[in-house]
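Colleague: I would like a close look at a single part of this protein, with the cut-offs spelled out as you go. Please take one strand and follow what surrounds it, then the aromatic contacts.

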Amino acid sequence: MALDPDMKTLLDQMAAAKLQSFHQMTPEAAREQMKRHISAADPVPIGRVEDRIITGPNGEIPIRIYTPDGNGPFGALVYFHGGGWVVGNIEMTDQPCRMITKAAGCVTVSVDYRLAPEHKFPAGPEDCYAATKWVSDNAATLGCDRSRIAVGGTSAGANLAAAVALMARDRGAPKIAYQLLVYPATRRELDTPSHKQFATDGYYILSRADMEWFWGHYLARDADAANPYACPERAKSLAGLPPALVITAEFDPLRDEGETYAARLREEGVATVLKRYDGVTHGFFGMPSVVEKSRVAIAEASAALRGAIGS
């Protein structure tokens, strides 16, 4: 299909600005470029927003807690930002988290996990697991029901959400009720048709060359690619995982691996809904101020969360 008009306008603006592709930069330069282009949209008003620091396995983990209006107990979504495990922070997901909190009627806890290459795998998933367990352990004080906890994220954050769901199943706690996986990275092998289609062209925001750069910074050794907490596709079994909504984008190198993971979840008995958004690229979910399909996808994700973890 053709590019969505909102998406094309944004991509043309980015091309005119001559932004560098991720793989052309150092991690530090990539972080600075992303910070300069975080959307400055007016924040969606919700009940309360609080920044806190919790204790993780190897130090402090910053989190941001979004609480809706009304009386709990609420369901909870533990949310992990994207950015290839190398860039990104909780600021870049502020608007989607506010929108989800309001529309789904859940508490959203956004996690600022440690980034690579300073903190390679398994630092990220261990931080995310620790934050999820903290939400479960402190559900009452957060105004949440610990039996209604979901995990979710975009891109690398969706990879981390899938990993946390696997870790919680394998470790016996905490109970995870739902997964929201938005264009998840599930495998290091970049050989799918969509990876070949978007191999080097930086116009579509993310390319296979960028993913090679991200994976190269994230994994400490080649053997880590066989670990399902790094590459969820490598799990021997997906049985017993919580139900999932998997969202993919048409113009995205990660499209096919996300859709393959959704198909495997279904095959192994996990109730899974797959939705591909045509005409948009990787990252569209985080663009509600400029891309209409982002707002549609956030509304769909929020409705799914309300159905899964709502009161």
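Modeller: What follows starts with the strand, moves on to the aromatic rings and ends with the whole chain.

The model is a predicted one, in which local features need pLDDT of at least 70 and side-chain atom pairs count only at pLDDT 80 or more, whereas totals for chains, interfaces and linings use all residues. Residues are numbered from 1 along each chain as its sequence is written, and side-chain values use heavy atoms, with hydrogens and water left out.

The part I have chosen is strand β4, residues 107-111; helices (H or I, at least four residues) and strands (E, at least two) are DSSP runs, numbered from the N terminus. Five of the five residues of β4 are buried, so the strand is largely enclosed by the rest of the structure, where buried means under 20% relative accessible area, exposed over 50% and partly exposed in between, for a 1.4 Å probe and protein chains only. V107, V109 and V111 point one way from β4, while T108 and S110 point the other way, and all are buried.

Strand β4 pairs with strand β2 (residues 59-67) in the antiparallel sense, over four bridges; two strands pair if DSSP finds at least two bridges between them. Strand β3 (residues 74-80) runs parallel to β4 and is joined to it by five bridges. V111 in β4 is the bridge partner of I63, and V111 is also the bridge partner of F80. Between β3 and β4 the chain passes through helix α3 (residues 94-104), and this β-α-β crossover is right-handed, a term that applies if, with the strands pointing away from the viewer, the path from the first strand over the helix to the second runs clockwise.

The aromatic contacts come next. Rings of Phe, Tyr and Trp (its six-membered ring) pair if their centres lie within 6.5 Å, with planes under 30 degrees apart counted as stacked, over 60 as edge-to-face and the rest as tilted; by this rule there are 13 aromatic pairs. One of them is the stacked pair of W85 and Y218, at 4.3 Å centre to centre and 5 degrees between the planes. W85 lies in the loop between β3 and α3 and Y218 in helix α8 (residues 208-218), so the pair ties together parts that are 133 residues apart in sequence. Both rings belong to buried residues, W85 with a relative accessible area of 2% and Y218 at 1%. Ring pairs also link W85, F121, W215 and Y218 into a cluster.

Helix α8 also holds H217, which is buried, with a relative accessible area of 19%. Leaving aside its neighbours within four places in sequence, H217 is in contact (heavy atoms within 4.5 Å) with P27, V86, A116, P117 and K120.

As for the whole chain, the protein has ten helices and eight strands, and 58% of its 311 residues count as buried. Its radius of gyration is 18 Å, which agrees with the value near 19 Å for a compact globule of 311 residues; this radius is taken over C-alpha atoms, and the globule rule is 2.2 Å times the number of residues to the power 0.38. Among contacts between residues at least 6 apart in sequence, 77% join residues at least 24 apart.
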